[in-house]
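User: I am new to this structure and would like a close look at a single part of it, namely the packing in its interior. Please take me through that part slowly, in one connected answer.

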Amino acid sequence: MNQNQFPFQIKLIRVKRMLPQIFDGTTLLLVLEGQINVVVNGESFLLEAEDMLLVNLSDQYSISSEKQNLVLCLHIFRSKMESYFGTPWTERFFCNTTKMVEGEREKYDLLREQIAHLILAKFKENPGYRVETNKHFYTVLDHLLKEFKEETVAGEDKTDQIDERLIRITSLIQQKFNQELSLKELAEEEFMSYSHLSRLFKKNMGINFTDYVERIRMMHAEEELKLTNHSIVKVASNNGFSNVKIFHKAFKDEFGITPGEYRKRVQKGTFSSFVIEGKAEYDVIEGEAALQELSKYIVEKDIEQEN
């Protein structure tokens with residue numbers, strides 16, 4: 001199943017700990033089972049089954065849980081939205097069921113139903129599923145834009161929780177992750193000293209600049225391993241790693257297995273366990289196992305199958 005053809009990606013995860021990250025786009029989290037704690041720009045939210053939370057472009061988030069859980073992650077890619085609309089994708093939304101007020105339940109219920117239709121079309125892969133899947137995705141997107149979009153008031157600062165310089169820098173990293181990146185040069189561009197930017201980055205992002213860049217590169221390399229047949233050497237080169245030996249070590253440090261073994265597990269459709277002591281601990285559910293878990297949710301939601 002090639003998710004690269006769509007302007008979004010759906011992941012099903014069980015998580016104990018996911019380190020702070022910034023996705024180059026918009027992320028919608030829907031808890032299918034259990035309970036998770038999500039921290040967005042320093043603010044903590046306890047999400048339970050049926051809860052939803054949207055993480056906006058350039059926002060930092062992390063996830064943790066001590067209980068069994070199942071979470072659907074809908075990632076909407078900034079670059080593909082910009083290609084589709086022909087304008088910069090800077091939309092911000094407020095979608096958070098833990099802060100739902102009277103009169104809002106209907107729009108959240110409708111969003112859950114639309115997402116259920118989307119995942120049903122995406123994972124069943126019936127004839128014509130690409131058209132149907134895109135139809136449901138843009139239905140979800142239309143509902144988000146109409147009912148959850150944040151209206152920007154003139155003079156209002158929507159990014160006061162993260163230094164604007166960091167937003168520019170992390171955005172640049174997301175765009176140029178496969179090129180050589182220098183903290184010293186970025187500091188000069190922002191008229192800051194190297195040491196000041198280094199401290200600011202670590203304070204706000206929770207990790208240092210070098211580790212953050214490597215994580216972004218690793219995220220893209222992981223996708224390339226899943227979605228292409230490129231050699232490991234090419235994957236390393238395409239994602240900013242200076243040589244395959246460095247990539248191999250970094251990948252194993254991050255995921256606990258080699259790039260080749262990871263690709264084999266994905267192709268077999270088995271659970272892809274990412275359990276790293278002292279780093280992250282979560283499972284991405286792939287293939288038939290994902291369809292089985294999602295089918296339970298579809299049945300519970302009593303969603304009519306269209307095909």
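Analyst: What follows is a walk through the interior, beginning with the chain as a whole and then turning to its core, its helices, its aromatic rings and a few loops.

The model is a predicted one. The protein chain holds 11 helices and 8 strands, and of its 307 residues 49% count as buried. When contacts between residues at least 6 apart in sequence are considered, 70% of them join residues at least 24 apart.

As a general background, nonpolar side chains in soluble globular proteins tend to be buried together. Here the largest nonpolar core has 37 residues, and those that touch the most other members are L72, L74, L111, I115 and I119. Two or more residues of this core are given by each of the strands β1 (8-21), β2 (25-40), β4 (52-55) and β6 (69-77), and likewise by the helices α2 (105-124), α3 (129-147) and α11 (287-301). Helix α2 supplies the largest share, with 8 residues. Apart from this core lies another, of 31 residues, which includes V15, M18, V31 and V40.

Helix α2 deserves a longer look. Its 20 residues reach 29 Å from the first C-alpha to the last, which is close to the 28 Å expected at 1.5 Å a residue. Of those 20 residues 14 are buried, so α2 is largely enclosed by the rest of the structure. Within the stretch that α2 covers, L111 offers a view of the surroundings: leaving aside neighbours within four places in sequence, L111 is in contact with L28, M52, C95, V140, H143, L144 and F148. One of these partners, C95, counts as buried because its relative accessibility is 2%. Another partner, F148, has the charged end of K107 sitting over its ring, 4.6 Å from the ring centre. After α2 comes E125, whose phi is positive, near 55 degrees.

A further cysteine, C73, is also buried, with a relative accessible area of 4%. For the chain, the count of disulfides comes to 0.

Helix α4 (residues 164-176) gives a second example of a helix with buried residues. Its 13 residues should span 18 Å at 1.5 Å a residue, and because its end C-alpha atoms are 18 Å apart, the model agrees with that expectation. The buried residues in α4 are L166, I167, I169, T170, L172, I173 and Q174, and what covers them includes α5 (183-189), α6 (194-205) and α7 (209-227).

The aromatic rings add another layer to the picture. The count of aromatic pairs comes to 14. In one of them, Y84 and F85 meet edge-to-face, at 5.0 Å centre to centre and with 90 degrees between the planes. F85 counts as partly exposed, because its relative accessibility is 39%. Ring pairs also link F6, F8, Y84, F85, W89, F93, Y129, F137 and Y138 into a cluster. F247 and F251 form a pair as well: their ring centres are 5.8 Å apart and their planes stand at 65 degrees, so this pair is edge-to-face. These two residues are 4 residues apart in helix α9 (residues 244-255), and are therefore separated by about one helical turn. Both F247 and F251 are buried.

Strand β4, which was named among the contributors to the largest core, contains V55. V55 is buried, with a relative accessible area of 2%. Not counting residues up to four places away in sequence, V55 touches G25, T26, T27, V40 and Y61; of these, V40 was named above as belonging to the core of 31 residues.

From V55 one can step to N41, which is 14 residues away in sequence and 9.6 Å away in space, C-alpha to C-alpha. N41 is found in the loop between β2 and β3 (43-48), and its phi is near 50 degrees, a positive value in a residue other than glycine. With a relative accessible area of 17%, N41 is buried, since the limit for that label is under 20%. The loop between β3 and β4 holds E50, whose phi, near 85 degrees, is likewise positive in a residue other than glycine. E50, however, counts as partly exposed, because its relative accessibility is 27%.

Conventions:
Residues numbered from 1 in each chain as written. Predicted model: local features only at pLDDT ≥ 70, side-chain atom pairs only at ≥ 80, totals over all residues. Heavy atoms only, no water. Phe/Tyr/Trp six-rings, centres within 6.5 Å; stacked < 30°, edge-to-face > 60°. Buried < 20%, exposed > 50% of the residue type's maximum accessible area, 1.4 Å probe, protein only. Lys NZ or Arg CZ within 6 Å of the ring centre and 35° of its normal. Expected span 1.5 Å × (residues − 1). Contact = heavy atoms within 4.5 Å. Core = buried A, V, L, I, M, F, W, Y, C linked by side-chain atoms within 4.5 Å. Disulfide = S-S within 2.5 Å.
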